[in-house]
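Trainee: Could we go through a structure together, please?
Mentor: Certainly. Please open the sequence and the model first.

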Amino acid sequence: MAILAQRPHAFQSKFIACQGEGVETKPEGLFAIEVRFLAGLTQRQQDAFANAAMRWTKVIVGELPSVQVDGELIDDVLILAEGAQIDGPGGILGQAGPTHLRPFGAGDAAAIPAKGRMTFDTADLEELESAETLDDVIAHEMGHVLGVGTIWEQKNLLIGARTDSPAFIGAEARREFGVLIGEGPTDVPVENRGGRGTADSHWREELFRNELMSGFISSSGNPLSRLTAASMGDLGYEVDLEAAEPYDLPSLLRSFELRLNAMRSGVDMHAMLPILPTMLPDDCMEND
Ligand SMILES: [Zn+2]
């Protein structure tokens, strides 16, 4: 498929987010996301990427070891974003994920993505915009680029993959899930339905509904919860849980309403194609 081909590095503009704001250059010691806009995105769509990067840099705060990727030094993560004509409204929404992971030699930061790509079908972007789910969908996909569901196995944090009951076992996420259900630390249920790219890589929709990193986005208002923020801590990021967005597990009734709503107008995030990332060799590490 043509859209899967790597495109040249020419880009029109970029956005750097740090501590929840757009910045000119990356401050020392803090985590920054750089989004480079290739072609095919309107200003409103570029703003959605910028908003997403600002949301994630509120909860991810500490910088990571720099690495050399494709001949440039990356600190902390570089995301290439583009719109492309794929298959019109519906069908394939696009493709997103990390392309390059930090090497084993990076210690706690091993396997944490250094570079990723987010490509969306321009026809679907227009639909997301009118459904007012554009911002949450972009933030959700950026979560995968940063490692949600995409490096869980590399970090040995997923058990029961490809079974009926996969779960995330990171200590910080277990603690936050325990708080949500009013118990002690508990394994976090992971999506067990859908194919590759859905199962084993999201919080379980049945339970979490409108949490940003469950597998289905039906309307705007999908919080990036303490649970997701804590899971990023388990991956090896330095996080600020107090900066997470307010979220509670939905009641049974609310859960039913959300499900009806999802059936009427939902964006099936399963329509994103995954990317198989490459683990960088140790000599890509920057020597201080
Ligand atoms: Zn997803």
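Mentor: The following turns discuss a core, a helix and a sheet. This is a predicted model, in which local features need pLDDT of at least 70 and side-chain atom pairs count only at pLDDT 80 or more, while totals for chains, interfaces and linings use all residues. Residues are numbered from 1 along each chain as its sequence is written.

Trainee: How many residues does the largest nonpolar core have?

Mentor: The largest nonpolar core has 75 residues. Such a core is a set of buried Ala, Val, Leu, Ile, Met, Phe, Trp, Tyr and Cys residues joined through C-beta atoms within 7 Å. A residue is buried if 20 or more other C-beta atoms lie within 10 Å of its own, with C-beta atoms placed from the backbone. Val35 and Met142 are among the residues with the most contacts inside the core.

Trainee: What does Val35 touch?

Mentor: Leaving out residues up to four places away in sequence, its partners include Phe15, Phe49 and Ile79. Contact requires C-beta atoms, placed from the backbone, within 7 Å.

Trainee: Moving on, is α3 enclosed or not?

Mentor: All 13 of the 13 residues of α3 are buried, so this helix is largely enclosed by the rest of the structure. Helices are DSSP runs (H or I, at least four residues), and strands are runs of E of at least two, numbered from the N terminus. Gly147 follows α3 and has a positive phi, near 130 degrees.

Trainee: And what is the strand order in the sheet?

Mentor: The order is β9-β10-β11, in an open antiparallel sheet. Strands pair if DSSP finds at least two bridges between them. Ala167 stands opposite Pro189 in β11.

Technical notes
A residue is buried if 20 or more other C-beta atoms lie within 10 Å of its own, exposed if 12 or fewer, and partly exposed in between; C-beta atoms are placed from the backbone. Two residues are in contact if their C-beta atoms, placed from the backbone, lie within 7 Å.
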